[in-house]
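Here are my notes on the model you sent round. I've kept them as short numbered points so you can check each one against the coordinates.

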Amino acid sequence: MANFLTHLCFLGSLLQTLDLCAFPGSEFQLKGDYLIGGLFDIHHVNAPVHHDKPEAIDCSSQPFLLPNYRRLQLMRFSVEEINNSANLLPNVSLGYEIFDHCSDLQSFSDVLKLVSVNGLIQPKDEQYKYGSRISNIIGVVGPFTSTQVLSVAPLLMVDFVPMVSYGASSSVFSRKQNFPSFLRTVHPNKDVIEVIVNIVLHFKWRWVAFLNSDNHFGIDGRGFFIKRIKDTDICLGYTKDLNINTNFHLMFEQIESQRIRAIIVFAPKGIAEALIGSAIRLNVTNKVWIADDGWSLNKKLPKERGIQNIGTIIGVSQPEIKIPGFNNFISSAKRQTHCENEVCNQNGLSAEGIIDADPSFSFPVYSAVYSIAHALHNVLQCGNGRCNHNITVHPHMILAELKKSNFTLLNQSIEYDENGDPKFGYYDVVYWNHRGDAEKVGFFSFHPRVSFSINSSKIQWYKEGAVPTSICSQECAVGYAKNQNGIYKCCFNCEVCPNGTYINITDDPYKCIRCKETEWSAPGSTSCRLREVEYVPYTDIRAILIMVGAWVFVGLTLATSLLFAINYNTPVVRSAGGPVCFLILGCLTLCTVSVFFYFDKPTISFCVLRLLPFVLFYTVCLACFVVRSFQIVCIFKIAAKFPKLHSWWMKYHGQWLVITAAFATQAVLLLIGYSYDPPKPYNDTFWYRDKIILGCDIRPRGIFISIVLLVTLCSLCFIFSYMGKDLPKNYNEAKAITFCLLLFILTWIIFATEYAIYHGKYIQTLNALAILSSLYSFLLWYFLPKCYIIIVQPHKNTQQHFQGIIENYTKTISQ
């Protein structure tokens with residue numbers, strides 16, 4: 001800080017020898033009770049100037065900027081209008097001291113003049129107290145660009161001299177810890193970017209280039225643009241910092257290679273003119289150019305020859321608010337000056353030329369002057385036609401009132417937020433028509449609410465009426481999802497969404513969303529449809545037939561049991577197994593319980609009862625037939641060879657031990673299996689995309705050992721049946737058991753084949769049919785022949801008949 005102040009002392013000493021005003025004359029100075037400083041870059045240094053020693057730059061030798069000179073005249077007009085007002089600052093005269101701030105880095109004499117007291121700048125010492133020195137300047141209007149503000153602001157911020165800029169839009173000035181006395185009457189860059197992004201979104205341009213000036217203004221705007229498009233469909237395919245050394249030919253080649261049609265130019269007037277001029281010379285065609293508010297109302301470019309060949313130009317502009325009396329002021333001022341200053345002499349200005357110059361930032365200048373005037377009005381406690389002249393005015397007092405500004409100017413309410421940014425104003429959307437004029441086609445307002453509108457019908461596109469497109473990849477067809485190709489989300493391949501998924505481009509165009517379990521979709525769908533729920537109800541004709549078959553089976557078993565009970569002591573009943581027959585018939589009847597639970601909507605109890613009764617009681621049936629097969633073999637073959645085994649079997653009732661052990665083992669296995677992995681209702685959505693098949697999820701691991709036990713019993717039946725294949729014909733129960741087992745196995749092989757091929761709702765019906773067929777195989781082929789003998793051939797159901805068969809078999813074996 002000490003070094004900085006030392007340099008200020010040195011520079012301050014130069015003020016006595018420097019011509020402080022680039023152009024002497026009444027246009028730049030006006031005496032008054034209170035002075036407002038003005039910084040306008042009437043001339044502008046395009047290229048850096050190098051000096052071997054400190055010296056002020058000669059602004060008059062630099063290129064002249066007519067729009068900026070027009071803004072200077074607006075400040076003069078505003079001050080004159082205020083001085084002529086009876087309501088604002090009565091009996092107080094405002095003056096101004098305006099400087100041509102033509103260089104961002106080398107035009108400091110004007111700023112030093114503004115912060116000096118009696119031509120000197122002195123560092124603060126220990127006795128210096130805040131606000132103790134009196135400055136002639138109560139506030140400064142300007143400068144115009146963000147870079148200029150960054151250069152001069154530190155000199156004014158140190159004493160809290162209010163700066164009200166009419167053009168600096170960089171976001172850095174919203175930081176009050178760094179720029180405590182800065183305010184502006186233009187919206188910050190983020191607001192301009194907001195309008196530009198809305199234009200791009202409105203016309204669905206997704207693949208854009210962003211060209212910005214190589215300074216704080218341009219880089220700040222690009223940063224906001226990148227941040228703003230983060231959650232949109234816009235992709236920044238190309239960006240470039242522009243300066244006087246930019247190779248425009250190479251830049252346009254790169255843009256063309258990327259197939260970019262929409263180009264955003266965020267740069268000051270001079271750079272924009274160089275860029276567009278190069279595009280015309282290089283024959284760049286078929287582009288949409290989007291201009292920021294710095295050059296969208298440019299008066300020179302729309303008249304350039306060949307401007308229509310480069311494409312369509314749309315811009316965000318400051319609204320052209322007519323300021324009453326300004327044109328008359330210019331006409332009157334030009335008649336009175338008689339070209340006394342160098343600006344008039346060098347550039348041959350006329351009143352018409354000034355009036356017709358770029359009107360951008362006119363109202364910001366006008367409102368900046370009025371803001372300072374209203375703040376001074378409040379500090380001096382003006383009212384009832386007079387002000388309090390006994391109040392000593394310091395810049396920080398003006399700053400405090402500026403922050404509280406709340407007045408109406410040309411039907412706009414002038415207010416500032418806590419960052420010194422305006423809470424008023426709006427932007428126009430303009431189109432450069434074929435007549436070379438900037439025609440208003442829309443607007444974007446921020447206050448009191450955000451509102452955006454574009455009348456696209458007013459725009460004549462270079463593509464003969466059609467809105468140009470700017471995309472990296474063609475939009476996907478309906479039902480296709482985007483698969484990003486590379487780093488840009490706008491560059492993608494299209495892939496159709498498969499079965500069971502759909503695409504919602506509003507939510508996420510890059511992802512196929514899976515349907516719910518209860519829904520389905522065809523390939524390329526944009527929504528899901530409800531699946532049709534299918535199951536076999538009790539009212540289904542197939543279900544009715546099977547249940548009738550089950551009841552018939554129950555009736556036949558009861559009839560058989562009654563017939564066997566009546567003929568209990570006959571040889572046929574005894575040879576069939578005697579009391580074991582009633583156990584087999586009872587278990588077969590209990591097995592039919594399973595059949596009735598294969599229909600209607602499955603529940604947990606339904607799923608349990610579909611298999612448990614059949615497996616448990618069929619195990620008993622198989623155990624009975626195992627015992628019966630073994631006994632047949634034992635009587636005819638084993639008894640003679642192993643008399644002790646036969647004696648033990650008869651003594652301890654071996655048949656009942658085996659049957660009981662099989663029943664108990666199967667019951668325990670089912671209890672453990674169902675406890676570990678119980679069956680439950682299951683919605684099968686795998687095999688049919690548009691259906692839900694209601695079934696039961698019977699896990700193999702839950703009943704695996706139970707099935708192994710059934711297979712084991714079947715195998716034993718076959719073994720004992722095979723051993724008895726040569727027994728007497730009329731006494732061969734083993735052959736009947738073997739045939740029943742073959743039918744049982746064949747039934748389940750057929751069902752397994754159908755289960756592997758068919759997965760519809762009727763698989764449950766087939767399962768019930770397989771169970772019923774398994775039951776009928778034993779009833780019809782084991783018990784029915786015996787019933788036939790009892791009823792139709794009673795002569796064969798005698799002791800003598802069976803005794804003769806046994807004697808003949810014994811003789812055959814002995815021979």
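1. Which residue does Arg542 form a salt bridge with? Its partner is Asp540, and the closest N and O atoms are 3.6 Å apart. Keep in mind that this is a predicted model. Asp540 counts as buried, at 12% relative accessibility, whereas Arg542 is partly exposed at 40%.

2. Have a look at Ile541 as well. It is found in helix H14, which covers residues 541-566. With a relative accessible area of 52%, Ile541 is exposed, because the cut-off for that class is over 50%. Ile541 also belongs to a nonpolar patch on the surface, together with Ile544, Leu545, Val548, Val552 and Leu556. Together these residues have about 510 Å² of accessible area.

3. Moving on to the loop between H14 and helix H15 (571-576), this is where you'll find Thr570. Thr570 is buried, with a relative accessible area of 16%. In sequence, Thr570 and Gln799 are 229 residues apart, yet their C-alpha atoms are 7.8 Å apart in space.

4. Back to charges: the structure holds 13 salt bridges. One of them joins Asp437 to Arg435, with the closest N and O atoms 3.8 Å apart. Asp437 is partly exposed at 34% relative accessible area, and Arg435 is exposed at 59%. Another pairs Glu475 with Lys482, where the closest N and O atoms are 3.3 Å apart. Lys482 is buried, with a relative accessible area of 12%.

5. There is also a salt-bridge network to check. Glu256, Arg261 and Lys287 are the residues linked in it.

6. Now the second largest pocket, which holds about 1,000 Å³ of space. Its lining is made up of 36 residues, and those nearest the centre are Ile698, Trp748, Phe751, Tyr755 and Asn767. Two or more lining residues come from each of helix H18 (612-641), strand S24 (680-684), strand S25 (691-697), helix H21 (700-723), helix H22 (733-757) and helix H23 (763-791).

7. What is the make-up of the lining of that second largest pocket by class? I get 27 nonpolar, five polar and four charged residues.

Terms used: Residues are numbered from 1 along each chain as its sequence is written. This is a predicted model: local features need pLDDT of at least 70, side-chain atom pairs count only at pLDDT 80 or more; totals for chains, interfaces and linings use all residues. Side-chain values use heavy atoms; hydrogens and water are left out. Patches are made of residues with over 30% relative accessible area and no salt bridge: like charges are joined within 9 Å, nonpolar side chains (Val, Leu, Ile, Met, Phe, Trp, Tyr) within 5 Å. Accessible areas come from the Shrake-Rupley method with a 1.4 Å probe; for residues, only the protein chains shown count as cover. A salt bridge is a side-chain nitrogen of Lys or Arg within 4 Å of a carboxyl oxygen of Asp or Glu. Helices (H or I, at least four residues) and strands (E, at least two) are DSSP runs, numbered from the N terminus. Buried means under 20% relative accessible area, exposed over 50%, partly exposed in between (1.4 Å probe, protein chains only). On a 1 Å grid over the protein atoms alone, a cavity is a set of points where a 1.4 Å probe fits but cannot get out, and a pocket is an open set with protein on both sides within 12 Å along at least five of seven lines; lining residues have an atom within 4 Å of a point. Grid points are joined across faces, edges and corners, and a volume is the space filled by probe spheres set on the points. Ala, Val, Leu, Ile, Met, Phe, Trp, Tyr, Cys and Pro count as nonpolar, Asp, Glu, Lys and Arg as charged, and the others, Gly among them, as polar.
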